[in-house]
Protein chains: 2
Amino acid sequence: MIIRIDPASATPIFEQLVRAVRGEILAGRLAAGERLPAARELADSLEVNGHTVLHAYQTLRDEGLVELRRGRGAVVTSAATELAELRRHAVDLVVAARERGITPDAVLALVREELSR
Amino acid sequence: MIIRIDPASATPIFEQLVRAVRGEILAGRLAAGERLPAARELADSLEVNGHTVLHAYQTLRDEGLVELRRGRGAVVTSAATELAELRRHAVDLVVAARERGITPDAVLALVREELSR
DNA sequence: ACCTATTTGTCCGTATGTATG
DNA sequence: CCATACATACGGACAAATAGG
């Protein structure tokens, strides 16, 4: 997993990490059961503090994307990969809508209708 | 607001703080708009680290019970007080059920029925 | 418009505890 | 029993938003 951090950015380092990992998961490049690098290890390689990475990992845990366990590390949850699969369908829907010149509101209305069935 | 912390307890300090403040809110002793003591101030008075109190406050924020703003502090949300009011009704319900010797399952079934209306 | 005090936000460093394997 | 890796807590520093004068 390749992550790049911009220490000069206005967005906090821990949030950059959250976005990077979340992106990897939602893009399907990190599947359920796969392990993230150990927090301190990643911290060392990025030259940031271990807490900063841990804070990011804990945020991802709060979002339900990873499971944290002492001695085992951070593991991508199955819910996360399911979310990634769901996202692919969402992308398909939006692409199809754009191809047909359908307005965003109409798309949302359609999805709402299906959800309320 | 009187909070007591047991440093020797197995439950983490920050969680003891979360429970204490949450309890105050749900008991109605802290109403919407009221401010919690400044994190570092409370930390000093309890002789714990400022980070520890801040961690507790941020947990409460994640639960939607307080709003945190730089320079303003931690303010109890209206959602929190509404939750407290809801809790009072729940207590009333349980008390009334116990007085009448109604089983917990029956109470839950009743509530479910009302919710599904 | 300016300045100052307050207070949370983030980050660094360090240390110890504790569940996992 | 031992290595790994997260969990918690301590301490210190500076940034950034808010409120008030």
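A residue is near a DNA strand if one of its heavy atoms lies within 4 Å of that strand. The legends below describe close-up views of a predicted model.

**Figure 1. Protein residues around DNA strand C.** The surroundings of DNA strand C comprise 24 residues, and Ile13(A), His51(A), Thr52(A), Arg70(A) and Arg40(B) come nearest. Sugar or phosphate supplies 66% of the atoms of DNA strand C within 4 Å of the protein, and bases supply the rest. By class, this surface has 7 nonpolar, 8 polar and 9 charged residues.

**Figure 2. Polar side-chain atoms of His51(A), Arg40(B) and Arg70(B) beside DNA strand C.** A base oxygen of DNA strand C lies 2.4 Å from a polar side-chain atom of His51(A). For Arg40(B), a polar side-chain atom is 3.3 Å from a base oxygen of DNA strand C. The side chain of Arg70(B) places an N or O atom 3.0 Å from a sugar or linking oxygen of DNA strand C. Two or more residues of the surface near DNA strand C come from each of helix 1 (13-26) and helix 3 of chain A, and helix 2 (39-46), helix 3 and strand 1 (66-69) of chain B. Helix 3 of chain B contributes the largest share, 3 residues.

**Figure 3. Protein residues around DNA strand D.** DNA strand D is surrounded by 25 residues, of which His51(A), Ile13(B), Asn49(B), His51(B) and Thr52(B) are the closest. Of the atoms of DNA strand D that come within 4 Å of the protein, 70% belong to sugar and phosphate. The surface near DNA strand D holds 8 nonpolar, 8 polar and 9 charged residues, and helix 3 of chain A gives the most to it, with 3 residues.

**Figure 4. Backbone atoms of Ala39(A), Gly71(A) and Phe14(B) beside DNA strand D.** A polar backbone atom of Ala39(A) is 3.0 Å from a phosphate oxygen of DNA strand D. Phe14(B) has a backbone N or O atom 3.4 Å from a phosphate oxygen of DNA strand D. At Gly71(A), a polar backbone atom is 3.5 Å from a base nitrogen of DNA strand D.

**Figure 5. Packing of helix 1 and helix 3 of chain B.** Helix 1 (residues 13-26) and helix 3 (residues 50-62) of chain B pack at an angle of about 50°, with their axes 8 Å apart. The two helices of chain B are therefore oblique to each other, and their crossing is right-handed. Among the residues in contact are Ile13(B), Phe14(B) and Leu17(B) of helix 1 and Thr52(B), Val53(B) and His55(B) of helix 3. The residues of this contact divide into 8 nonpolar, 3 polar and 1 charged.

Methods:
Residues numbered from 1 in each chain as written. Chains lettered and ligands numbered in written order. Predicted model: local features only at pLDDT ≥ 70, side-chain atom pairs only at ≥ 80, totals over all residues. Heavy atoms only, no water. Axes fitted to C-alpha atoms, helices over the stretch in contact; angles between N-to-C directions. Helix = DSSP H or I, 4+ residues; strand = E, 2+ residues; numbered from the N terminus. Parallel < 35°, antiparallel > 145°, perpendicular 65-115°, else oblique. Left-handed = near helix turned anticlockwise from the far one by under 90°. Contact = heavy atoms within 4.5 Å. Nonpolar A, V, L, I, M, F, W, Y, C, P; charged D, E, K, R; others polar. Polar contact = N/O pair within 3.5 Å; in protein donor to acceptor, adjacent residues only side chain to side chain.
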